[in-house]
Amino acid sequence: MSLKYALEKEVAVAAVLRACKLTSSVFNKLVKGEQLTKGDKSPVTVGDYAAQAVVNTILANAFPDDKVVGEEDSSDLRLETNSDLRNRVVELANQALTDDLTLGDNVQWGIGPGSERTSGELMNAIDRGNHEGGKVGRLWTLDPIDGTKGFLRGEQYAVCLAFLVDSKVQVGVIGCPNLPVVATNPDGRRGCLLIAVRGQGAEQRSLDNSNPQRLAIPKFKDADLNFLESVDPGHSSHGFNERVARILNVSREPTRMDSQAKYCALARGDGAIYLRMPVRADYEEKIWDHAAGCLIVEEAGGLVTDSCGEALKFGLGRTLGQNFGVVGAGKDLHSKVIEAIKRAKQEEAAENQPVCLLWSSVRFDMLVVKSILLLSCLMLPKAQAEKIVRNTDPQIYYHGRWDKSPGTWWAGTGFKLNVQNLRTLALNLGPHTTSPTVPIGVSLDYEAFVTVNISAGNNVLPLDSSESSEKKNTVVRINSWGWQNNRVNLESIALNADAKLLPYTPSRLTLQFIGDSLSAGQYLPQGVDQAWPFLVGEAFKAEHVVVAQPGIALTDIVSYGNPRGMSVQFFKTEDSGYYYSTDHNYTTPWDFSRDVPSPSAVILHLGYIVSTSEDRPVHYLQSQLNRANDNGQNVPADTFVQASTLNYLVFLGHLRKIYRTQPLLILTPWGWPQPDGTVGYYYQGKYEEILNLWKAAGDHSTYLVNTTGWVTYDDIFHDLYGAGVLKNSAKSLCALVLLIIVSISLPSFSAMDVARTHFGTEILSDNEDDAISQLRFGIWSVCFYRASDGDRFCSPRHHGYAVSIQSPTSSDTATVGSSWTRGLAIHPVAAAITFFALLFSFSTHVTITLVASLLSFLAALLTLIAFACDIALFAFAKHKFGDLDGVDADTDTGPAFWLTFVSFFLLCFAGCTVCFGRRRARMNNASSSYPMTTSSTPFWKRLRRIY
Ligand SMILES: Nc1ncnc2c1ncn2[C@@H]1O[C@H](COP(=O)(O)O)[C@@H](O)[C@H]1OP(=O)(O)O
Ligand SMILES: [Mg+2]
């Protein structure tokens with residue numbers, strides 16, 4: 001019977017020893033040019049590559065099924081320009097592999113004389129370290145030369161190898177070729193091998209694998225405490241360590257050394273506290289930089305956690321994810337260090353108050369000033385420390401398509417958080433953020449989305465924390481809504497220090513929409529947040545992803561600035577806005593496995609952009625605005641359906657590879673509505689053809705959604721393009737012209753009378769000496785037509801005129817008094833109000849169009865009153881003159897009467913157009929509130945509306 005993981009330990013020891021021998025020999029012979037600079041500007045030498053090739057070759061032979069997460073990969077080395085470097089790596093690795101077998105070595109591990117490998121085999125061996133890591137199974141993690149900078153200086157470095165099972169470190173082996181065997185004798189023998197197996201303790205051997213000594217962290221007296229920290233201040237904050245040292249009364253100078261040799265020193269008792277506080281918010285510690293050292297310290301009787309006291313998480317992938325800082329110490333000391341770190345963080349936050357900063361900068365001899373400042377500093381409320389959530393935090397629920405930066409891609413892409421005790425929230429955005437600002441929609445607890453403009457750097461979101469209460473959960477939903485060229489490069493999120501990020505529970509229904517400008521929300525005031533897919537998603541209380549942008553073709557053609565069609569861009573894409581930037585090249589496939597949960601259904605609305613102009617007549621407004629190029633891309637219907645290149649059927653085929661079982665819903669295009677009420681549909685019958693062909697190929701979970709008749713002219717153009725405004729204005733304008741003509745009336749326009757009376761008999765009037773045959777009632781005067789020659793004579797213009805007719809047979813007279821004509825003056829008043837309604841109706845501002853609507857209604861009311869006056873005058877005149885003795889009178893309505901009547905209806909319609917438009921706009925704005933989490937009443941009712 002053997003101890004647990006005995007073989008893994010033996011293999012690890014053999015591999016690390018060979019790697020150490022290799023690296024020590026390299027150091028002495030390293031020449032200029034045998035070093036590369038990696039993308040992150042860190043150096044890598046032939047030693048790093050060769051050591052990884054050797055260790056991975058041994059692991060591949062001993063444990064062929066085990067996964068490896070290694071620091072290096074061979075892509076740079078494979079370049080033709082680096083062939084010298086590659087040859088050197090091959091030479092060094094083969095030297096190490098073919099070295100004689102020593103005690104414990106096994107030829108089956110691919111070592112010993114005759115074990116040379118080809119260059120290709122060794123490059124592949126290096127790349128065995130490319131595994132992504134994870135929670136389950138057997139996993140090795142390797143740093144072939146940890147502390148490369150120390151290695152290059154001839155100081156401390158380490159070859160570090162750890163073996164993990166289900167994300168728990170079980171074996172850790174570190175070789176430190178430059179570490180003195182006895183710390184107190186730095187000039188003595190160098191080269192140590194430290195080994196730990198979980199539950200079996202830790203030991204140190206010399207690099208010839210002899211002299212094993214058990215390790216146990218000693219108890220330190222306060223006076224003997226000291227820190228072990230990085231040489232590089234960019235890797236760990238020296239200032240913060242100093243502060244903690246002050247709190248713990250540590251008087252000894254820190255010991256600075258590169259690499260995990262620090263963990264070894266801690267396990268041996270050379271130093272008391274390992275403390276590594278991050279300098280950069282976005283740096284994530286790598287698992288190969290801590291796994292082996294962590295186990296060695298723990299097996300020597302110590303504890304290693306993050307700076308909050310939480311265990312390091314080795315199962316998150318290649319990095320430790322959200323673990324913030326690393327703290328290692330003997331078990332008794334560890335909790336004191338964590339406590340001191342907490343105090344140090346508070347102190348640091350308080351000092352960020354300007355008064356406190358001033359206090360610390362004032363000299364001691366200015367004692368009075370210094371004391372006053374200190375007092376003010378202590379009395380000030382403590383500045384809130386922040387909790388930094390990195391962009392890799394698994395509690396951030398990303399949705400949509402994010403690129404690697406990570407940046408949002410299509411409109412509607414964003415993330416969701418479930419935060420306990422939320423008071424402040426800031427987004428730290430990176431340099432890839434669209435300049436100068438990106439509009440995002442922010443919704444708290446499923447309330448309506450509110451727009452906030454953000455930019456690169458720190459963006460504090462204006463939350464109203466007045467209603468905050470402890471332990472309350474808040475769901476924050478954030479998405480970039482601009483329909484094109486809007487990238488949010490999320491680096492980290494800062495929350496109030498006592499906020500806690502909880503998992504977000506997504507809705508069980510997820511909808512994936514694929515579309516074009518209408519789906520992307522082009523021209524909508526809040527972009528995609530007001531577009532149909534987003535609203536559908538909200539209405540269904542679903543998670544929703546919109547992949548759409550204006551001008552996107554289905555086929556692979558250049559279209560409105562998009563160099564590739566949706567059939568390419570959906571799978572590996574960039575927005576045309578990034579077409580010219582170097583970090584996007586249309587070759588990076590999207591990682592669909594990150595769509596969690598995967599969509600319940602995929603809804604496609606495609607076709608408009610590529611359709612032919614015959615299929616899609618240029619609509620009225622486009623011809624008005626002369627948007628000449630919007631005639632479609634003239635892709636013939638058959639090509640759209642099925643051709644040799646990318647088309648609808650091929651696109652469906654590609655979609656099916658990702659969405660194997662989900663229903664695909666193909667929406668026929670809404671059509672292109674004309675002002676006359678007809679709708680120009682395009683690719684008619686082709687969607688049915690697609691479905692039939694597709695079903696014939698064996699797919700039965702694809703459905704056609706026939707949208708015929710769903711969309712009318714007003715639906716599209718009223719709100720989107722302002723056509724409603726034009727129509728509304730046109731009605732008001734017509735009404736205004738008519739009312740003005742009516743208002744000018746007689747005597748200027750002889751035919752603009754409200755009522756007219758024809759006399760069969762020649763009669764006399766008070767106002768005219770000769771006999772008359774006709775009279776006409778205007779707004780300001782009455783006109784008579786002389787019976788003898790037909791000449792016209794009008795009374796002077798007057799507000800409220802009167803007219804009397806005398807019976808030719810008796811003394812009977814009929815008078816239309818001024819009280820019957822005075823009311824006619826309402827006509828010009830209605831015209832004036834109509835003028836203002838017309839002015840306001842040109843605005844697209846919601847409130848002003850509402851005012852326009854109200855004014856239209858007011859004008860309509862006044863016109864109605866004016867019309868009532870017209871009727872009264874007409875009826876009274878008809879009655880009065882008809883009853884006159886011996887008079888043959890025939891009273892009729894005049895043109896002004898009917899123009900007033902028409903104006904009334906025009907004004908009513910103008911008012912209604914605005915009203916209905918507003919109602920539709922409100923429906924577009926509607927956003928559902930759907931509490932899916934367990935939280936009860938929301939306490940952040942809404943964002944402070946200060947933007
Ligand atoms: N900004 C950083 N913060 C913390 N550690 C870093 C940072 N940049 C690089 N490192 C890593 O720190 C390790 C060395 O730590 P130390 O300074 O304590 O010896 C290296 O593995 C190095 O990674 P890399 O190998 O990618 O350069
Ligand atoms: Mg390292």
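Helices and strands here are DSSP runs, numbered from the N terminus. With that naming in hand, you can find your way to every stop on this tour.

**Start with the whole thing**

Show the full protein first. You're looking at a predicted model. Its secondary structure comes to 24 helices and 38 strands. Of the 947 residues, 46% count as buried. Take the contacts between residues at least 6 apart in sequence: 71% of them join residues at least 24 apart.

Now colour by pLDDT. The average for the protein is 83, and 83% of the residues score at least 70. For the complex, the predictor gives an ipTM of 0.96 and a pTM of 0.47.

**Stops to treat with care**

Select residues 614-631. pLDDT stays under 50 along this stretch, and the model has 21 contacts for it beyond four places in sequence. Then jump to residues 719-725, where the pLDDT is also below 50; this stretch has 18 contacts beyond near neighbours in sequence. Where pLDDT is low, the predicted coordinates should not be read in detail.

**Helix H2**

Go to residues 46-62, which make up helix H2. How many residues does H2 have, and how far does it reach from its first C-alpha to its last? It has 17 residues and reaches 24 Å, close to the 24 Å expected at 1.5 Å a residue. Turn on the surroundings and you'll see that H2 is mostly covered, with 15 of its 17 residues buried.

**A loop with two positive phi angles**

Next, pick Asn209. You'll find it in the loop between strand E8 (201-206) and strand E9 (213-214). Asn209 isn't a glycine, yet it has a positive phi of about 65°. Is Asn209 buried or partly exposed? It's partly exposed, with 17 other C-beta atoms within 10 Å.

Stay in the loop between E8 and E9 and select Asn211. Here phi is near 60°, again a positive value in a residue other than glycine. Asn211 has 14 C-beta neighbours inside 10 Å, so it counts as partly exposed.

**Helices H8 and H9**

Select residues 261-268 for H8 and residues 291-299 for H9. These helices pack at an angle of about 5°, with their axes 9 Å apart. H8 and H9 are therefore roughly parallel to each other. To see the contact, show Tyr263, Cys264, Leu266 and Ala267 on the H8 side. Facing them on the H9 side, show Gly293, Cys294, Ile296 and Val297.

Before you leave, look at the loop between strand E12 (273-276) and H9, where Lys286 lies. Lys286 is partly exposed, with 18 other C-beta atoms within 10 Å. Which residues does Lys286 contact, leaving aside its neighbours within four places in sequence? They are Glu71, Arg318 and Thr319. Try a distance label to Asp143 as well: the C-alpha atoms of Lys286 and Asp143 are separated by 9.6 Å, though the residues are 143 apart along the chain.

**Two cis peptide bonds**

Zoom in on Val596 and Pro597. The peptide bond joining them is cis, with omega about -10°. Pro597 sits in the loop between helix H15 (566-569) and strand E27 (601-604).

For the other one, move to Leu746 and Pro747. Their peptide bond is cis too, with omega near -5°. Pro747 is in the loop between helix H21 (723-744) and strand E32 (755-765).

**Helices H18 and H19**

Select residues 648-658 (H18) and residues 686-696 (H19). At what angle do H18 and H19 pack? The angle is about 50°, and the axes are 10 Å apart. That makes H18 and H19 oblique to each other, and their crossing is right-handed. Show the side chains where they meet: Tyr648, Leu649 and Leu652 in H18 against Ile690, Leu693 and Trp694 in H19.

**Last stop: Asp791**

Finish with Asp791, in the loop between strand E34 (782-786) and strand E35 (792-794). With 10 other C-beta atoms within 10 Å, Asp791 is exposed. Add Ile772 to your selection: the two are 19 residues apart along the chain, and their C-alpha atoms are separated by 9.4 Å.

Technical notes
Residues are numbered from 1 along each chain as its sequence is written. Chains are lettered from A and ligands numbered from 1 in the order in which they are written. This is a predicted model: local features need pLDDT of at least 70, side-chain atom pairs count only at pLDDT 80 or more; totals for chains, interfaces and linings use all residues. Helices (H or I, at least four residues) and strands (E, at least two) are DSSP runs, numbered from the N terminus. The expected span of a helix is 1.5 Å times one less than its number of residues. A residue is buried if 20 or more other C-beta atoms lie within 10 Å of its own, exposed if 12 or fewer, and partly exposed in between; C-beta atoms are placed from the backbone. pLDDT is the predictor's confidence in each residue, from 0 to 100. Two residues are in contact if their C-beta atoms, placed from the backbone, lie within 7 Å. Axes are lines fitted to C-alpha atoms, for helices over the stretch in contact, and angles run from 0 to 180 degrees between N-to-C directions. Angles under 35 degrees count as roughly parallel, over 145 as roughly antiparallel, 65 to 115 as roughly perpendicular and the rest as oblique. A crossing is left-handed if the near helix is turned anticlockwise from the far one by less than a right angle, and right-handed if clockwise.
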